[in-house]
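Please take a moment with the sequence and the structure shown below, and then follow the paragraphs after them in order.

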Amino acid sequence: MDERVKDVQVWLNQTYGKVSGFKKAPENGQTGWPTIYSLREGLQHELGITALAEGFGDSTKKALSAKIGDLKRGYHGNIIKLVKGAFWCKGISPNNFTDSFDSDLTTAIKSLQGDAGITANGQLTVNLALCQILLMLVKKSYICLMKALNRTRLFSAFFEANDVLL
């Protein structure tokens with residue numbers, strides 16, 4: 001169990017638990033589909049989308065595109081907590097779980113950008129948000145595959161040798 005992930009799950013449920021259409025995250029400290037969906041639905045709510053959904057579709061992309069320019073150092077709000085929560089769930093530390101876009105979040109963004117093989121400038125973009133979600137899913141799928149195949153060391157060595165990021 002990861003205490004930071006549990007903190008994110010508890011905050012999600014306290015913050016959005018009464019929002020119509022929001023599905024509560026399990027408060028177990030484990031990243032999984034329900035937590036990812038809760039993060040997405042929280043983001044949709046913050047973006048003004050009333051019909052919440054588990055996916056990150058065109059409506060969410062469009063709404064985020066309109067807001068993304070505001071999300072920079074000095075910005076405060078729940079969207080930043082959602083971003084930081086997603087980083088905790090990805091395994092990248094934003095160093096705190098506040099609603100402030102601070103230097104620690106910039107460092108976490110640069111880390112994700114480096115993992116994704118793109119210019120590490122610390123700027124949050126819609127594509128980076130999608131990339132973060134994709135990397136969470138890849139990491140989760142990889143762990144499930146390793147458990148199913150019971151060959152963690154062999155596959156770990158393969159992924160490391162081929163620069164596949166988890």
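In this predicted model, the four residues Trp 11, Tyr 16, Phe 22 and Phe 97 belong to one aromatic cluster. When the whole structure is searched, 4 aromatic pairs are found. One of them joins Trp 11 and Tyr 16, and because the planes of these two rings stand at 90°, with 5.6 Å between their centres, the pair is edge-to-face. Tyr 16 also pairs with Phe 22, where the ring centres are 5.8 Å apart and the planes meet at 40°, so that this pair is described as tilted.

How far are these side chains shielded? Since buried residues are those under 20% relative accessible area, Trp 11 counts as buried because its relative accessibility is 11%, and Phe 22 likewise counts as buried, with a value of 9%. Tyr 16 is buried too, its relative accessible area being 1%. The remaining member of the cluster to be described, Phe 97, has a charged partner, for the charged end of Lys 81 sits over the ring of Phe 97 at 4.6 Å from its centre.

From the cluster, the reader can turn to helix H3, which covers residues 58-67 and in which Thr 60, Ala 63 and Leu 64 are buried. Viewed down the axis of H3, the buried residues of this helix fall within an arc of 100°, and therefore they line one face of the helix. On the face of H3 that is turned away from this buried side, one finds the exposed residues Asp 58, Lys 62 and Ala 66.

Conventions:
Residues are numbered from 1 along each chain as its sequence is written. This is a predicted model: local features need pLDDT of at least 70, side-chain atom pairs count only at pLDDT 80 or more; totals for chains, interfaces and linings use all residues. Side-chain values use heavy atoms; hydrogens and water are left out. Buried means under 20% relative accessible area, exposed over 50%, partly exposed in between (1.4 Å probe, protein chains only). Helices (H or I, at least four residues) and strands (E, at least two) are DSSP runs, numbered from the N terminus. The arc is that of the directions from the helix axis to the C-beta atoms. Rings of Phe, Tyr and Trp (its six-membered ring) pair if their centres lie within 6.5 Å; planes under 30 degrees apart count as stacked, over 60 as edge-to-face and the rest as tilted. A charge sits over a ring if NZ of Lys or CZ of Arg is within 6 Å of the ring centre and within 35 degrees of the ring normal.
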